[in-house]
Amino acid sequence: PALWTFKFLFKKDLFRADLVTTNSRGTAEKLQNYFGKKTHGVIYPGVSDQFFPRAGKELQMFLEKKRIDFPFFLAVCTWEPRKNLEILVKTFLKMKKKGEIPKQKLILLGGRGWKDDRLASLIESDQRRNILPWGYVEDADLPFFYSGCDGFIFPSLYEGFGMPVAEARSCGARIITSDIPELREAGGEDPIYIQPTSEGIREGILKLLSNPKNFRRHRKGPSWEVGGKKLADFLIS
């Protein structure tokens, strides 16, 4: 139903709208290229103030409470094809088998989505030896996962903006993510950008591990207040 709604109604609604804004320049460019519609402006989604680096005893207590051992990589997303989790899991397990990442586990945060049967079977076959599917977690817990991980991996094929990347960046996580415009807007200069393929993911992980003290920088994400003011200005102009 959503696909047919998009095909038959989206373009009509787009051109009937008095105001069109997008959550990234990349999305604005797609609207221009695919529909010939120029947007009025870009308003980035805000990152909550709770997303900041956690360290020391506070972080250690959280990880102990959750029975999480160092070191671990982290992925945060719903299980759906565009998030590219199946390739990430396959690549991670292959690197494990080769002995390239002997210590790290991979924690997956996010619920089941659609077209994820093969991914679920792959994760189940691992029997929680290396892949740990946590499912949904409270927003208040996310900063601790971002702050404690060896690296946050987000090899998505398509995004409107990339909130998890902005959140991870605000928490000082080292980030490996796809080299697409929307994720470059969310991540800035800090992440390791890769092609969202098995080899790209592998190269990104090896690059991150070869520089254990690099790439960990805290950058405050977009503000809801700034975005709200910008939207208000558009609405009253």
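Start by selecting Asp141, which sits in the loop between strand S5 (131-135) and helix H6 (142-148). Helices here (H or I, at least four residues) and strands (E, at least two) are DSSP runs, numbered from the N terminus. Before moving on, note that this is a predicted model, in which local features need pLDDT of at least 70, side-chain atom pairs count only at pLDDT 80 or more, and totals for chains, interfaces and linings use all residues. Residues are numbered from 1 along each chain as its sequence is written, and side-chain values use heavy atoms, with hydrogens and water left out.

Is Asp141 buried or exposed? Its relative accessibility is 18%, so Asp141 counts as buried (under 20% relative accessible area; exposed is over 50%, partly exposed in between, with a 1.4 Å probe and protein chains only). Now show its surroundings: leaving aside residues up to four places away in sequence, Asp141 touches Phe62 and Lys66 (contact means heavy atoms within 4.5 Å).

**Next stop: H4 and H5**

Two packed helices are described by the angle between their axes and the distance between the axes. Select H4 and helix H5 (residues 117-126): their axes come within 9 Å and cross at roughly 25°. Axes are lines fitted to C-alpha atoms, for helices over the stretch in contact, and angles run from 0 to 180 degrees between N-to-C directions. H4 and H5 are therefore roughly parallel to each other (under 35 degrees; over 145 is roughly antiparallel, 65 to 115 roughly perpendicular, and the rest oblique). Their crossing is left-handed (the near helix is turned anticlockwise from the far one by less than a right angle; clockwise is right-handed).

Light up Leu85, Glu86, Val89, Lys90 and Leu93 in H4, which meet Arg118, Leu119, Leu122, Ile123 and Asp126 in H5. The residues of this contact divide into six nonpolar, no polar and four charged.

**Then: H4 and H9**

Keep helix H4 (residues 85-98) and add helix H9 (residues 198-210); the axes come within 9 Å and cross at roughly 55°. H4 and H9 are therefore oblique to each other, and their crossing is right-handed. On the H4 side, pick Ile87, Leu88, Thr91, Lys94 and Met95; they meet Ser198, Ile201, Arg202, Ile205 and Leu206 in H9.

**Last stop: two cysteines**

How many disulfides does the structure hold? Zero (a disulfide is a pair of cysteine sulfur atoms within 2.5 Å). Select Cys149: the nearest cysteine sulfur, that of Cys171, is 9.1 Å away. Cys149 counts as buried at 1% relative accessibility, and Cys171 is buried with a relative accessible area of 2%.

How values were computed:
Ala, Val, Leu, Ile, Met, Phe, Trp, Tyr, Cys and Pro count as nonpolar, Asp, Glu, Lys and Arg as charged, and the others, Gly among them, as polar.
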